[in-house]
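Open your viewer and get ready to type a few selections. We will hop from one stop to the next, and at each one I will tell you what to look for.

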Amino acid sequence: MRSIRNGLVLALGITMTAFGLAACGGDDGGAPAASDPNAKVELSLATFTEFGYEELIPEYERLHPNIKITHRKTGQGGPYHQDLITKLAAGSGLADVTAVEEGHLSNVLDKGSKFNDLTKIGPADVSPDRWLGWKYDAAKTKDGKVIGYGTDIGPLAMCYRKDMLEAAGMPSDPEAVKPLFATWDSYFAAGEQYVAKSGGKAWFDSAAQNFNAMVNQLPTGYIGSDDKLAVESNQGIKDAWTKVTAAVAKGQSAKLTAFSNEWNSGFKQGAFATKVCPAWMLGVIEEHSGPENAGKWAVTAAFPGGGGNWGGSYLTVPTQSKHPKEAAELAAWLTAPEQQIKAFKAKGTFPSQVKALEDPALLSETDAYFGGAKIGQLFAEQAKKVAKPQYKGPGDGQIQENASSPALQAVEQGKSAAEGWTQLLDAAKKITR
């Protein structure tokens, strides 16, 4: 499991500048209509970073000799999604099958009329039961259209440095640490204990990383179901803010900005003892911690508040496509359990399909860097703990990237919790005006 795709997507997010992505999509000229099953059809597929489809595309073409697929693969998720929104507004240029990351899903769900309803054009044998319920439901528009087939997910567990907890005289076995990570209250209480016993070392990497996970667990997030800003009236968000900023005041944060050079170096330097850990984070930890820290990191099947998800994507079929039926068939095949297991083996993208989560090929997966942890079984269990999806209204991702995270960084640099809260509110209001 070595993909860092979703981490980079969220890190780069919508703060990156857009660039021109050449996508053929509906602009395929005189391609023949597909009423004849043997007619040649050219399809385009747009993805970003790593989906694990490199070997699957030629396999699909072998199974469907009349189909030719052009894969438009982009390196960075931020520019990719800005380009997507630009082409969506222009009415042309999108690929027949267009990937959308879950952090950007809210920006397309309110434009549902520009995407095909896959329950109408998709293969008849594709059932909602293919996916975890929360994954399938998250791609529904308010009027019930399903605009995306789920690809991967990022179920949350907790990663930690065994040696650092042992040095502080705290439990370090994956089973023994579970009570520490049972709730956010127990997590921050353990952090206070760790800081005291370790001589002032940090418990976690970044206040924003924990806060984002806490907010995503709430019934209502930054935006209400009426598409209005809900931060100021949301007691759950206020409580999460209070707990996180109190932990910062007690020295629990390493005060690092996620995905910065300092954050990257922090893994190798042992700058923090615990880390909010979606499935794809294991590859990030190994890459930045280096071989000298192999066996020092561990992961446990526990997460404060039960479960959560960070990352994952969908395959959509924009109405710009001149071959929507064939595009939907390709998207359905790529997101079938058999193919998602192959993608997982290729790039570590953790599957969202129920049968894939029960597949021995997934459940038997271990990670030597994390002491031989049964990561396939562990994250499959965590995926099933996720509750119903939180509604993500327009601007949700921007608030996380450009309001709450900077406000928490300001608190870590010396602002009071009250001043940081005001900063968050002011920035969120500007985003949703």
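Let's begin with the sulfur atoms: the structure has 1 disulfide, a term used here for a pair of cysteine sulfur atoms within 2.5 Å. Before going on, note that this is a predicted model, where local features need pLDDT of at least 70, side-chain atom pairs count only at pLDDT 80 or more, and totals for chains, interfaces and linings use all residues. Residues are numbered from 1 along each chain as its sequence is written, and side-chain values use heavy atoms, with hydrogens and water left out.

**Stop 1: the disulfide**

Select Cys159 and Cys277, whose sulfur atoms sit 2.1 Å apart. The dihedral about the S-S bond is -65°, a left-handed link. Color by secondary structure and you will find Cys159 in strand E4 (residues 149-161) and Cys277 in strand E5 (residues 274-278), so this pair joins distant parts of the chain, 118 residues apart. Helices (H or I, at least four residues) and strands (E, at least two) are DSSP runs, numbered from the N terminus. Are these two cysteines buried or exposed? Cys159 is buried at 0% relative accessible area, and Cys277 is buried at 0% as well. Here buried means under 20% relative accessible area, exposed means over 50%, and partly exposed lies in between (1.4 Å probe, protein chains only).

**Stop 2: salt bridges**

Next, switch on the charged side chains. How many salt bridges does a search of the whole structure find? The count is 17, where a salt bridge is a side-chain nitrogen of Lys or Arg within 4 Å of a carboxyl oxygen of Asp or Glu.

Select Glu54 and Lys73: their closest N and O atoms are 2.8 Å apart. Glu54 belongs to the loop between strand E1 (41-48) and helix H2 (56-63), while Lys73 is in strand E2 (residues 67-74), so the bridge ties together parts 19 residues apart in sequence. Glu54 is partly exposed at 33% relative accessibility, and Lys73 is partly exposed at 40%. Now add Glu50 and Lys347 to the selection, and you have a network of salt bridges linking Glu50, Glu54, Lys73 and Lys347.

Move on to Asp163 and Arg161, another salt bridge with its closest N and O atoms 2.8 Å apart. Asp163 is partly exposed at 27%, whereas Arg161 is buried at 5%.

For one more pair, pick Lys243 and Asp185, which meet at 3.2 Å, N to O. Lys243 lies in helix H10 (residues 235-249) and Asp185 in helix H8 (residues 184-197), so the bridge ties together parts 58 residues apart in sequence. Lys243 is partly exposed, with 32% relative accessibility.

**Stop 3: two helices that cross**

Show helix H11 (residues 261-269) and helix H12 (residues 281-289), which pack at about 75° with their axes 7 Å apart. That angle makes H11 roughly perpendicular to H12, a label for angles of 65 to 115 degrees. Axes are lines fitted to C-alpha atoms, for helices over the stretch in contact, and angles run from 0 to 180 degrees between N-to-C directions.

Which residues meet here? On H11, select Trp263, Asn264, Phe267 and Lys268; on H12, select Met281, Val284, Ile285, His288 and Ser289. Contact means heavy atoms within 4.5 Å.

**Stop 4: a loop residue**

Finish at Gln413, in the loop between helix H18 (396-412) and helix H19 (417-432). Gln413 is exposed at 63% relative accessibility. Draw a C-alpha to C-alpha distance to Ala213: the two are 21 Å apart in space and 200 residues apart in sequence.

Notes: Angles under 35 degrees count as roughly parallel, over 145 as roughly antiparallel, 65 to 115 as roughly perpendicular and the rest as oblique.
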